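Student: I'm new to this structure and would like a close look at how its helices pack. Could you pick one helix contact and then work outward from there?

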Amino acid sequence: MNDDQLLRYSRHILLPEIDVAGQEAILGARVLVVGAGGLGSPAAMYLAAAGVGTLALADDDAVDLTNLQRQILHSTQAVGQPKVESGRDTLHRLNPLCRVETIARRLEGEALAEQVAAADVVLDCSDNFATRHGVNRACVRHRKPLVSGAAIRFDGQVSVFDMRRPQAACYHCLFPEGDDVEEVRCAVMGVFAPLVGIIGATQAAEALKLIVGCGEPLAGRLLLLDGLSMTWRSVAFGRDPGCAVCGSAAR
């Protein structure tokens, strides 16, 4: 690190759990953020501010006026722009030392697998089960830690799925694909603006802990937030031996 970096990241370096070695790990990390909306906005901003060397930002959507109530990565002037371009501009203003790679399409198939394979940590900040399960399959295949978040109305959830850990569960273990799970969208149900900030910032915190190797990640625990009462619950879960993605038969 040069003198400017030592000064910029000094409040991280003062933390013995991070120190110079941890900050250098952050500077050398590549993080894939899938979704540049409500969750991806605060997650990407905190990761860039913290000094993540490369952020790959993936989203196929454009900024809409209805996004601005909660998607703090974007401004009124950015309405109509691709979200990844608006996001890149905001992140560069926040920290020009952070390299932002834009992926202005829906990641799937081999393109998704390639991006996941190149990342140190993957953040699922999407808003649909198809993308979440696709990202999970790629993370299991390439053994990459996944930080998953979701938020709707006043309810949020976040967890970590890290197949590098013994007996780790994957997203499919917790939310099996094909189950009759009702998919709800912000466009129909609404979402409390600060909720996505809380969950997205928590995703960024978990990603940084994974990069540095400090603390205890949310692996095997689903953290649930009721924004109306501002209460958190932690629910433990384990691997499903019969999981179609990470179970014995799949492996």
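Tutor: Let's begin where two helices touch: Gly22, Ala25 and Ile26 of α3 meet Leu208, Ile211 and Val212 of α10. Keep in mind that you're looking at a predicted model. Sort the residues of this α3–α10 contact by class and you get five nonpolar, one polar and no charged residues.

Now for the geometry. Two packed helices are described by the angle between their axes and the distance between the axes. Helix α3 covers residues 19-27 and helix α10 covers residues 193-212; their axes come within 8 Å and cross at roughly 110 degrees. An angle from 65 to 115 degrees counts as roughly perpendicular, so that is the description for α3 and α10. As for handedness, the crossing of α3 and α10 is right-handed.

Stay on α10 for a moment and find glutamate 206, which sits in that helix. Is glutamate 206 buried or exposed? The cut-off for buried is under 20% relative accessible area, and glutamate 206 has 6%, so it counts as buried. If you ignore residues up to four places away in sequence, glutamate 206 touches Val147, Val160, Glu216, Pro217 and Leu218.

One of those partners, Val147, points us to another part of the chain. Strand β5 runs over 146-152 and strand β6 over 155-161, and arginine 153 lies in the loop between them. Arginine 153 has a phi near 55 degrees, which is a positive value in a residue other than glycine. That's worth a look, because most residues other than glycine have a negative phi. At 33% relative accessibility, arginine 153 counts as partly exposed. Methionine 230 is another residue, not a glycine, with a positive phi, near 50 degrees. You'll find methionine 230 in the loop between β7 (221-226) and β8 (231-236). With a relative accessibility of 46%, methionine 230 counts as partly exposed too.

Back to helix packing, with a second pair to set beside our starting point. Helix α6 (residues 109-118) packs with helix α7 (residues 129-142) at an angle of about 50 degrees, and the axes are 9 Å apart. Since 50 degrees falls outside the ranges for parallel, antiparallel and perpendicular, α6 and α7 are called oblique to each other. The crossing of α6 past α7 is right-handed. On the α6 side, the contact is made by Glu110, Leu112, Ala113, Val116 and Ala117; on the α7 side, by Gly134, Val135, Ala138, Cys139, Arg141 and His142. By class, that contact has seven nonpolar, two polar and two charged residues.

Did you spot the cysteine in that list, Cys139 of α7? How many disulfides does the structure hold? Zero. For cysteine 139, the nearest cysteine sulfur belongs to cysteine 170 and is 10 Å away. A disulfide needs the two sulfur atoms within 2.5 Å, so cysteine 139 is in none. Cysteine 139 counts as buried, because its relative accessibility is 2%. Cysteine 214 is likewise in no disulfide; its nearest cysteine sulfur, that of cysteine 98, is 19 Å away. Cysteine 214 is buried, with a relative accessible area of 17%.

To finish, here are two buried spots elsewhere in the chain. Serine 86 is placed in helix α5 (residues 83-94), and its relative accessible area of 4% makes it buried. Leaving out residues up to four places away in sequence, serine 86 touches Val63, Leu73, His74, Ala78 and Gln81. Its C-alpha atom is 14 Å from that of glycine 38, with their positions 48 residues apart along the chain.

Alanine 58 lies in strand β2 (residues 54-58), and it is buried, at a relative accessible area of 4%. Setting aside its neighbours within four places in sequence, alanine 58 is in contact with Val33, Val34, Gly35, Ala36, Val84, Ile103 and Leu107. The C-alpha atoms of alanine 58 and proline 166 are separated by 30 Å, and these two residues are 108 residues apart along the chain.

Definitions and conventions
Residues are numbered from 1 along each chain as its sequence is written. This is a predicted model: local features need pLDDT of at least 70, side-chain atom pairs count only at pLDDT 80 or more; totals for chains, interfaces and linings use all residues. Side-chain values use heavy atoms; hydrogens and water are left out. Helices (H or I, at least four residues) and strands (E, at least two) are DSSP runs, numbered from the N terminus. Buried means under 20% relative accessible area, exposed over 50%, partly exposed in between (1.4 Å probe, protein chains only). Axes are lines fitted to C-alpha atoms, for helices over the stretch in contact, and angles run from 0 to 180 degrees between N-to-C directions. Angles under 35 degrees count as roughly parallel, over 145 as roughly antiparallel, 65 to 115 as roughly perpendicular and the rest as oblique. A crossing is left-handed if the near helix is turned anticlockwise from the far one by less than a right angle, and right-handed if clockwise. Contact means heavy atoms within 4.5 Å. Ala, Val, Leu, Ile, Met, Phe, Trp, Tyr, Cys and Pro count as nonpolar, Asp, Glu, Lys and Arg as charged, and the others, Gly among them, as polar.
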